[in-house]
Each structure stands twice: as C-alpha cells, then as structure tokens.
Amino acid sequence: MAAPGAGRRVGDGAPATSADPGDGTGPADRRWPRRVYQVGTEPDPRFTLANERTFLAWLRTALGLMVAAAAVRAFGADGSRWAAAVLAVLAVVVAAEAFPRWSRNERALRQQLPLPSTPVALVSAAGVVVAGVTIAVVVSI
C-alpha cells in the first residue's frame, strides 16, 4: 500500500493560479530551488519534513561547534588554540554542507532513489575526536 500522497505529480490537485501555463499541465511549480522541485513526483510529506528536520539538525550541530570553538578559545589553555581552530573549521564545513545535503536527499526522495551518503559525518566525527584529544593533552600538561 502506498503512503498517503506518494506518487503525486507536481501540481496535481492544486488550484489554478495566475502562474498556470495554460497548456493543460496544471499550475507551474514556483518553489525554489527548481532543480529540486522540478524532478520526479511529490514524496510523502513526512519524508520531506524529516529531511527538513535533518537539515536543521546539521545547522544546530554547526552552531554547537561554533560555540564549542569560542568556549575552548576563551577558557582553554594556551595550546587549546588548535582545538578551537579545528572546531571552528568543522562548524563551517558542516554548515556549508547542510543545504547541498538537503537538496541531494530531496531530489532522491522525489525520484524514489536511495538516499546518497555523505562524507561530512565521518569528517565531523574525526574532527571532534582530534579536537577532544588536543584539549585532553593540553589540559593534562
């Protein structure tokens, strides 16, 4: 049994608007980014909302890394500068990858393809380990 809303083409059942192209295909989809929304079929809204929550979680992670970098720099010993730098760079990488990751996942959902993997999770974990080891070494000296 298909999930509610699964398999609907973009524009199915939507009321006509002034953006209606007039060719019988229904209203034009004006959502952005078009490279995401003009492919495939509308997925179940629960999947789209879950993808959005994941996007927001990546942004929260980036903010947390920024705060950790500031705290390590402000309260850490002299050698903790490197740990703060690692955390700050990770924050930028995670934030920069959040939107492209959302976009790739949304396209995959719309085309009913497997979700793509991302190396950012591994890079983030490794960076946090490096920063933690650096802080542990600096604190123990």
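**Arg110 and the helix 3–helix 4 packing**

The backbone oxygen of V36 lies 3.2 Å from a polar atom of the R110 side chain, a polar contact in the sense of an N or O pair within 3.5 Å, where one atom must be able to donate a hydrogen and the other to accept it, and where residues adjacent in sequence count only through side-chain atoms on both sides. That same side chain also reaches the backbone oxygen of Y37, at 3.0 Å. R110 sits in helix 3 and, at 2% relative accessibility, counts as buried (under 20% relative accessible area, with a 1.4 Å probe and protein chains only).

The model is a predicted one, with local features requiring pLDDT of at least 70 and side-chain atom pairs pLDDT 80 or more, while totals for chains, interfaces and linings use all residues. Residues are numbered from 1 along each chain as its sequence is written, and side-chain values rest on heavy atoms, leaving out hydrogens and water.

Turning to the overall fold, the protein chain has 4 helices and 2 strands (DSSP runs of H or I, at least four residues, and of E, at least two), in the order β-α-β-α-α-α from the N terminus. Of its 141 residues, 30% are buried.

Helix 3 (residues 81-110) packs against helix 4 (residues 120-140) at about 165 degrees, with axes 9 Å apart; the axes are lines fitted to C-alpha atoms over the stretch in contact, and angles between N-to-C directions run from 0 to 180 degrees. The two helices are therefore roughly antiparallel (over 145 degrees).

Technical notes
Angles under 35 degrees count as roughly parallel, over 145 as roughly antiparallel, 65 to 115 as roughly perpendicular and the rest as oblique. Buried means under 20% relative accessible area, exposed over 50%, partly exposed in between (1.4 Å probe, protein chains only).
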